[in-house]
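Visitor: I have a structure to go through. Can you take me round it?
Guide: Yes, here it is.

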Amino acid sequence: MPVGTQATVKALSPEDLLYSKAQIILANTYHLYLRPGDSLIKDLTGLHRFMNWDGPILTDSGGFQVFSLGKQIEGKQKLGLLERTPTKVMSKITDDGVEFSSYLDGSKHFFTPEKAIEIQRNLNSDIVMAFDECTPDTATETYTREALNRTHAWAKRCKDYWEQHERLSNLGQYQALCGIVQGAMHRNLREESAHAIVGMGFDGVAVGGETIGYNMQGTLEIMDWIRPLLPEDKPRYAMGLGRDPQDILDAVRAGFDMFDCVAPTRLARNGALYSGVLDHLDQPNPADWTFASEFSKGRLQIGNARWARDTGTIQEDCDCWTCTQGFSRAYLRHLYLTKELLYYRLASIHNVRFMIRLTEHLQTATLSS
Ligand SMILES: [Zn+2]
């Protein structure tokens, strides 16, 4: 899922996304709640109409940002970038919910599980996520357990609230609900969490936490622990995973189906363009599948002087719009170095399509393996 934090996948039009064969995109509840506001989006008949995207949209619960953006507020406070100074900078967690300060202006807000679902009902997304507490990996086991108990109680409250409202958005559209497995790097807690979340009967099961997609070794360990506990007939979503092509390959081999990451568009803007190919997909054992690239982490650095006179496209066999139109590495390098706006679009189109094409190939291989 390409990530559209502010109801837009940065630098891409909905047409670019369709051409890239994006089947679904992600939008951030926390950001849209703060600006322009979920009630405004509801009044304008929902997120799809608002952003002119007819395809499916998944919204996160806002939990991750509520817990992780506290630090950014501190930084902005030091730089004097906030109009109002929040008295309490970090989020305050109780069993009922989380009080946090807006990273925009320091204003106070309170999220409960019911509130997180209600905001997503206003946004009218197709898949909504349960509100969870995302604990840092450095948290003690005692604290992680406390947080996990809250996450499970909140998941139940989200589900109850969703069922009370007949699983419909405030615009009358069906919304699927996914629960999130937490538990940091503690095997016993991850297994307990998988049991609890699967037992509640959500439409899909997600795995979340600081490690997922960030520390791939840890991510694969967690996936290995919980994989036997997950239902075969429901989607498995690894939240925030998909920075490197190898990460997607590893996660698919570990039995996961859905991913989102800001990296493809962010890396594109920073001059890193994906390049490389999947190989041995005809082998029946997924362990034999590989991703190979002549570049470190599968990223070509377009600003490099070696491309100054290179008339080839980013990747010869790539079917993205940028490559099929014949934009050369030399031209892209020039646009990148001069910070021309067209660069951001052309580069983002390539990286987004590259990742989607990778998942298409893995889907075909998985279905025939
Ligand atoms: Zn391309």
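**Sheet, rings and zinc site**

Guide: Phe100 is buried, with a relative accessible area of 3%; buried means under 20% relative accessible area, exposed over 50% and partly exposed in between, using a 1.4 Å probe and protein chains only. This is a predicted model, in which local features need pLDDT of at least 70, side-chain atom pairs count only at pLDDT 80 or more, and totals for chains, interfaces and linings use all residues. Residues are numbered from 1 along each chain as its sequence is written, and side-chain values use heavy atoms, with hydrogens and water left out.

Visitor: Which ring does Phe100 pair with, and in what geometry?
Guide: The structure holds 13 aromatic pairs. In one of them Phe100 meets Phe111 edge-to-face, at 4.9 Å centre to centre and with 80° between the planes. Rings of Phe, Tyr and Trp (its six-membered ring) pair if their centres lie within 6.5 Å; planes under 30 degrees apart count as stacked, over 60 as edge-to-face and the rest as tilted.

Visitor: Which parts of the chain does that pair tie together?
Guide: Phe100 lies in strand β5 and Phe111 in strand β6, so the pair ties together parts that are eleven residues apart in sequence. Helices (H or I, at least four residues) and strands (E, at least two) are DSSP runs, numbered from the N terminus. Phe111 is buried as well, with a relative accessible area of 0%.

Visitor: And which residues make up the ring cluster?
Guide: Ring pairs link Tyr30, Tyr33, Phe100, Tyr103, Phe111, Phe131 and Trp154.

Visitor: Back to the strands. What order do they take in the sheet?
Guide: The order is β4-β5-β6, in an open sheet of three strands with antiparallel pairing. β4 (92-93) and β6 (108-111) stand at the edges with a single partner strand each, so one side of each has no neighbour in the sheet. Two strands pair if DSSP finds at least two bridges between them.

Visitor: How many bridges between β4 and β5?
Guide: Two, in the antiparallel sense, with β5 covering residues 98-101. Ile93 has Val98 in β5 as its bridge partner. The two strands form a hairpin with four residues between them.

Visitor: And how many between β5 and β6?
Guide: Four bridges, again antiparallel. Glu99 has Phe110 in β6 as its bridge partner. That hairpin has six residues between the strands, and Gly106 in the turn has a positive phi of about 80°.

Visitor: New topic. What holds the zinc ion?
Guide: The protein donors are Cys318 (SG), Cys320 (SG), Cys323 (SG) and His350 (ND1), at 2.1 to 2.3 Å from the zinc ion. Donors are N, O and S atoms within 2.8 Å of the metal (3.2 Å for Na, K and Ca); water is not among the atoms, so sites may look incomplete. Along the chain the spacing is C-x1-C-x2-C-x26-H.

Visitor: What geometry does the zinc site have?
Guide: Tetrahedral, with angles of 106 to 117° among the four donor atoms. Four donors get that label if all angles lie between 85 and 135 degrees.

Visitor: Are Cys320 and Cys323 buried or exposed?
Guide: Both Cys320 and Cys323 are buried.

Visitor: Which arginines sit over ring faces?
Guide: Arg329 lies over the face of Trp307, at 4.5 Å from the ring centre. Arg345 lies over the face of Trp321, at 4.9 Å from the ring centre. A charge sits over a ring if NZ of Lys or CZ of Arg is within 6 Å of the ring centre and within 35 degrees of the ring normal.

Visitor: Which residues of α14 are buried?
Guide: Arg329, Ala330, Leu332, Arg333 and Leu335, in a helix that covers residues 329-337. After α14 comes Lys339, with a positive phi near 55°.

Visitor: Where is the cis peptide bond?
Guide: It joins Arg35 and Pro36, with omega about 10°. Pro36 is in the loop between α2 (29-34) and α3 (38-43).

Visitor: Last one: what about phi at Ala11 and Ala184?
Guide: Ala11 has a positive phi of about 75° although it is not a glycine, and lies in the loop between β1 (3-4) and α1 (14-19). Ala11 is partly exposed, at 37% relative accessible area. Phi of Ala184 is also positive, near 45°. Ala184 is in the loop between β8 (176-181) and α9 (187-199), and counts as buried at 3% relative accessibility.

Methods: Tetrahedral: all angles 85-135°; square planar, octahedral: opposite > 155°, others 65-115°.
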